[in-house]
Amino acid sequence: MKRLGSGSPWEDVVGYSRVVRAGDLVFVSGTTGTRDGVVVEGGAAEQTRQALENIVAALARVDATVADVVRTRVYVTDIEQWQDVGRVHGEFFGEHRPASAMVEVAKLIDPAMVVEIEADAVVGA
């Protein structure tokens with residue numbers, strides 16, 4: 001089993017890994033639209049884009065790709081932004097459409113964050 005962090009200070013405090021690979025299964029923890037520890041500007045679409053770029057980077061660290069993703073969970077603080085979030089999600093996954101859910105939540109850990117995404121993958125499926 002491979003457990004890798006991203007360097008976030010929260011990983012040690014909370015006790016989690018950014019990405020875990022167990023055999024062919026890969027799990028990417030809830031990922032937000034941050035770059036170098038700072039929430040990106042531009043609203044839900046840009047935060048979604050950055051969160052998915054962060055997920056792609058995490059997958060690559062355990063030899064997985066977007067094509068291996070079988071499920072995503074998208075948490076948004078304003079469900080009325082679903083089209084912007086969904087459009088970017090669709091750009092990343094294209095024909096490799098994972099099972100997915102989008103759920104509105106009251107808030108995320110930082111008030112500037114409006115999107116958080118989890119991803120599960122099966123390598124070579």
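How many residues does helix α3 have, and how far does it reach from its first C-alpha to its last? Let's start there, and keep in mind that what we're looking at is a predicted model.

So, α3 covers residues 82-93, which makes 12 residues. From first C-alpha to last it reaches 16 Å, close to the 16 Å you'd expect at 1.5 Å a residue. Now look at which side chains are tucked away: Val-85, Val-88, His-89 and Phe-93 are buried in this helix. If you look down the axis of α3, those buried residues fall within an arc of 130°, so they line one face of the helix. And what sits over them? The cover includes α2, at 43-61, along with the strands β6 (69-76), β7 (99-104) and β8 (115-122). Right after the helix comes Gly-94, with a positive phi near 45°.

Okay, on to α2, since it's part of that cover. This one has 19 residues, which should span 27 Å at 1.5 Å a residue, and the end C-alpha atoms are indeed 27 Å apart. The buried list here is Ala-44, Gln-47, Thr-48, Gln-50, Ala-51, Leu-52, Ile-55, Ala-58 and Leu-59.

Just after α2 you hit Asp-63, where phi goes positive, about 60°. Asp-63 sits in the loop between α2 and β6, and it counts as exposed because its relative accessibility is 59%. Why bother pointing at it? Well, most residues other than glycine have a negative phi. There's another one to show you: Asp-36, also not a glycine, has a positive phi of about 55°. You'll find Asp-36 in the loop between β4 and β5, the latter being 38-39. With a relative accessible area of 78%, Asp-36 is exposed.

Next, two strand residues. Is Ile-117 buried or exposed? At 0% relative accessibility, Ile-117 is buried. This residue belongs to strand β8. Leaving aside neighbours within four places in sequence, Ile-117 touches Thr-48, Ala-51, Leu-52 and Ile-55, and on top of that Ser-29, Gly-30, Thr-31, Thr-72, Arg-73 and Val-74. If you match that up with the α2 list, Thr-48, Ala-51, Leu-52 and Ile-55 are among the buried residues of that helix. Also, Ile-117 and Val-28 are 89 residues apart in sequence, while their C-alpha atoms are 8.7 Å apart in space.

The other residue is Ala-99, over in strand β7. Ala-99 is partly exposed, at 41% relative accessible area. Again skipping neighbours within four places in sequence, its contacts are Val-70, Arg-71 and Thr-72. Going from Ala-99 to Tyr-16 takes you 83 residues along the chain, and the two C-alpha atoms are separated by 24 Å.

Tyr-16 brings me to the last stop, the largest pocket. There's about 660 Å³ of space in there. The lining takes in 25 residues, and those nearest the centre are Ser-8, Tyr-16, Arg-18, Thr-32 and Thr-34. Which elements supply at least two lining residues each? Those would be α1 (9-15), β3 (25-32), β4 (34-35) and our old friend α2. As for chemistry, the lining splits into nine nonpolar, 10 polar and six charged residues.

So α2 turns up twice in this talk: as part of what covers the buried residues of α3, and as a contributor to the pocket lining. That's my tour, thanks.

Note on methods:
Residues numbered from 1 in each chain as written. Predicted model: local features only at pLDDT ≥ 70, side-chain atom pairs only at ≥ 80, totals over all residues. Heavy atoms only, no water. Helix = DSSP H or I, 4+ residues; strand = E, 2+ residues; numbered from the N terminus. Expected span 1.5 Å × (residues − 1). Buried < 20%, exposed > 50% of the residue type's maximum accessible area, 1.4 Å probe, protein only. Arc of directions from axis to C-beta. Contact = heavy atoms within 4.5 Å. 1 Å grid on protein atoms, 1.4 Å probe; cavity = no way out; pocket = protein on both sides within 12 Å on 5 of 7 lines; lining within 4 Å. Points joined across faces, edges and corners; volume = space filled by probe spheres on them. Nonpolar A, V, L, I, M, F, W, Y, C, P; charged D, E, K, R; others polar.
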